[in-house]
Amino acid sequence: MTRFPTRAGLTRRGLLGGALGAAALLGTAGCGDDSGGGDGSKTLVFWHNFSQQARADFLRRTADAFEQANPGVTVKIEVVPFGQIPTKWPAAQAAGTLPDVTTLLPEHAVSMWQAKALHPMGDVLSALGGGSVFTPGLVDKFAVYDGEPILLPYYVHNRLLTYRTDLLAAAGVTLPESPTWDQTLAAATAMTKAPNTYGWMLKLATSDTGGSYLLSMLTRSTGGRIFDGTGKSMLTTAEVRRAADFIVQIARTASGPGQVNYTISDGFNLINSGKTAISEESAAVIATAVQQAPDVATKLATTFMPRDTAPGHLLGAISVALPKGKNPTLAREFVKFLYAKQNYVPFLHTIPLFMFPTLTAASGDEFFGNPTIKKYEPTVRQTLTGIKEGSAPGFEDGPNPYAGPAISGHAIEKALQSILVGGVSVTDALSRANKELQATFDTVRTRTGK
């Protein structure tokens, strides 16, 4: 298979300039489809994962502008939460109702590609100007699999340790910008005033991915991994055991009731109410506070995730992909439109600090000059460091076919709950989870031959 060049050999073609103006979008598209399929209609189905009104409204306006520039085209939008994607797309593929465009997590894109549910995006990437128009490393980290770009990173973020400065001060403790595990645990313990406030309320629901993400970050900070790109589960390694022991310490000394039920989406309410003083979050939690709880927003600050040998960065890249819907040619033009100058940075600014640019042309004064983004300069700097140095779980060496099944299977969340609620030892819980994860990986390997 021909390898698609992500940097060399591709020329920049004015990604955020006027070349992608809406009026010319479909001038050379229309009836051709080089991927097979297409029903001849002008209806485009777009799934996105954004329930926040500001983001949903902006994308609806963007779709309206696309329709206006291309008479006869209709864009139908469906909001599909991230957690529903792993089950919704297989059902849609079986029913022949896949959308034409979707936003999604990279691990879901790899699974879809293996199931032949996605079109490659090499031609779209070339039309945008090639891999060099994106933040260095992002295309290689997330997009290229089987020699083809199977997605395009739409926006990025990095998880940080967010804390309430007022609760920290009241407890008489401090946190450096890059705290150690011991420093973080000491601060979290000091801020715990049960039952009203807990230093670090964990979010370990078995229906969610909070436990997997936290274990991945802490294991990364030891120099380890929870699994690798070859389909080897690593939950019984010394690095994972050390990270799990630390989670259990937090759970038993600085967390409290509800930790086995809370999900990632509960983060804002927990820190806004003061139920937790610390939470592992992206800058999005501050963005939400600025809009919904401005008094609390002034009391929020961030550090890097706690370090053992290094900070445990966890990079998220919400991406755009092209499922095998009914109008692939129209879909390609719509994706280009999403990245066009008049649409891209304004979308990122719908909730400032919530989303960071993937495009180098969008990473200047227009984006960073936003007043909210300027106000939280340390958080922005820490986020950018994480974007440069971090990866998604399992993506340390690029897109990983085992990442989606590993995270969505919730073996790690079940293991942590068995320790905290069921009285199982850390060693036994990790051993059981390791066997479950390895069985999942073996099934993936049998199915795909990877």
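**Exercise 1. Where is His119, and is this residue buried or exposed in the predicted model?**

Start with the secondary structure: His119 belongs to strand 4, which covers residues 118-119. Next, look up the relative accessible area, which is 3% for His119. The cut-off for a buried residue is under 20%. His119 therefore counts as buried. To place His119 against another part of the chain, take Glu67: the two are 52 residues apart in sequence, and their C-alpha atoms are 23 Å apart in space.

**Exercise 2. Describe the chain as a whole: its elements, its extent and its surface.**

Begin by counting elements: there are 20 helices and 13 strands. The radius of gyration is 22 Å, close to the 22 Å that the globule rule gives for 450 residues, so the chain is as compact as a globular protein of that length. Along the principal axes, the C-alpha atoms fill a box of roughly 65 × 50 × 40 Å.

Now turn to burial and contacts. Of the 450 residues, 57% are buried. Among contacts with a separation of 6 or more, 80% are between residues 24 or more positions apart.

Finish with the surface and the charges. About 17100 Å² is exposed, and carbon and sulfur atoms supply 52% of that area. The chain has 40 positive and 36 negative charges, and the mean positions of the two sets are 1 Å apart.

**Exercise 3. Which residues does Ala205 touch, leaving out those up to four places away in sequence?**

First, locate the residue: Ala205 sits in the loop that runs between strand 9 (198-200) and helix 8 (210-221). Second, check its cover. The relative accessibility of Ala205 is 4%, so this loop residue is buried. Third, read off the partners: Gln259, Val260, Asn261, Tyr262, Thr263, Glu413 and Gln417. As a last step, measure across to Gly423 in your viewer; the C-alpha atoms of Ala205 and Gly423 are 17 Å apart, with their positions 218 residues apart in sequence.

**Exercise 4. Why can helix 19 be called largely enclosed by the rest of the structure?**

Count the buried residues first: eight of the ten in helix 19 qualify, so the helix is largely enclosed by the rest of the structure. Then name them: Ala411, Ile412, Glu413, Ala415, Leu416, Gln417, Ser418 and Ile419. Two of these names, Glu413 and Gln417, are also among the partners of Ala205. Next, ask what covers the helix. Its buried residues pack against helix 8, helix 9 (238-253) and helix 20 (426-448).

Now step back to His410, in the loop between helix 18 (403-408) and helix 19 (411-420). With a relative accessible area of 16%, His410 is buried. Beyond its sequence neighbours up to four places away, His410 touches Thr206, Ser207, Asp208 and Thr209.

**Exercise 5. How many aromatic pairs are there, and how are the rings of Phe58 and Phe347 arranged?**

The count comes to 19 aromatic pairs. For Phe58 and Phe347, the ring centres are 6.0 Å apart and the planes meet at 40°, so this pair is tilted. The pair joins distant parts of the chain: Phe58 is in helix 1 (residues 53-69) and Phe347 in helix 14 (residues 344-348), 289 residues apart. Both rings belong to buried residues.

Compare a second pair, Phe66 and Phe334. Here the centres are 5.1 Å apart and the planes are at 80°, so the arrangement is edge-to-face. This pair also links distant parts of the chain, with Phe66 in helix 1 and Phe334 in helix 13 (residues 328-339), 268 residues apart. Phe66 and Phe334 are both buried.

To finish, trace the ring pairs onward: they link Phe50, Phe58, Phe82, Phe134, Tyr154, Tyr155, Tyr339, Tyr344 and Phe347 into a cluster.

**Exercise 6. Where does Asn343 lie, and which residues does it touch beyond four places away in sequence?**

Find the loop between helix 13 and helix 14; Asn343 is there. Its relative accessibility is 7%, so Asn343 counts as buried. Its contacts beyond four places in sequence are Phe58, Thr62, Phe337 and Leu338. Phe58 is also a member of the aromatic cluster, as is Tyr154. From Asn343 to Tyr154, the C-alpha distance is 12 Å, although the two are 189 residues apart in sequence.

Terms used
Residues numbered from 1 in each chain as written. Predicted model: local features only at pLDDT ≥ 70, side-chain atom pairs only at ≥ 80, totals over all residues. Heavy atoms only, no water. Helix = DSSP H or I, 4+ residues; strand = E, 2+ residues; numbered from the N terminus. Rg over C-alpha atoms; globule rule 2.2 N^0.38 Å. Buried < 20%, exposed > 50% of the residue type's maximum accessible area, 1.4 Å probe, protein only. Contact = heavy atoms within 4.5 Å. Areas by Shrake-Rupley, 256 points an atom, 1.4 Å probe, with all protein chains shown as cover. Lys, Arg positive; Asp, Glu negative; His and termini not counted. Charge placed at Lys NZ, Arg CZ, Asp CG, Glu CD. Phe/Tyr/Trp six-rings, centres within 6.5 Å; stacked < 30°, edge-to-face > 60°.
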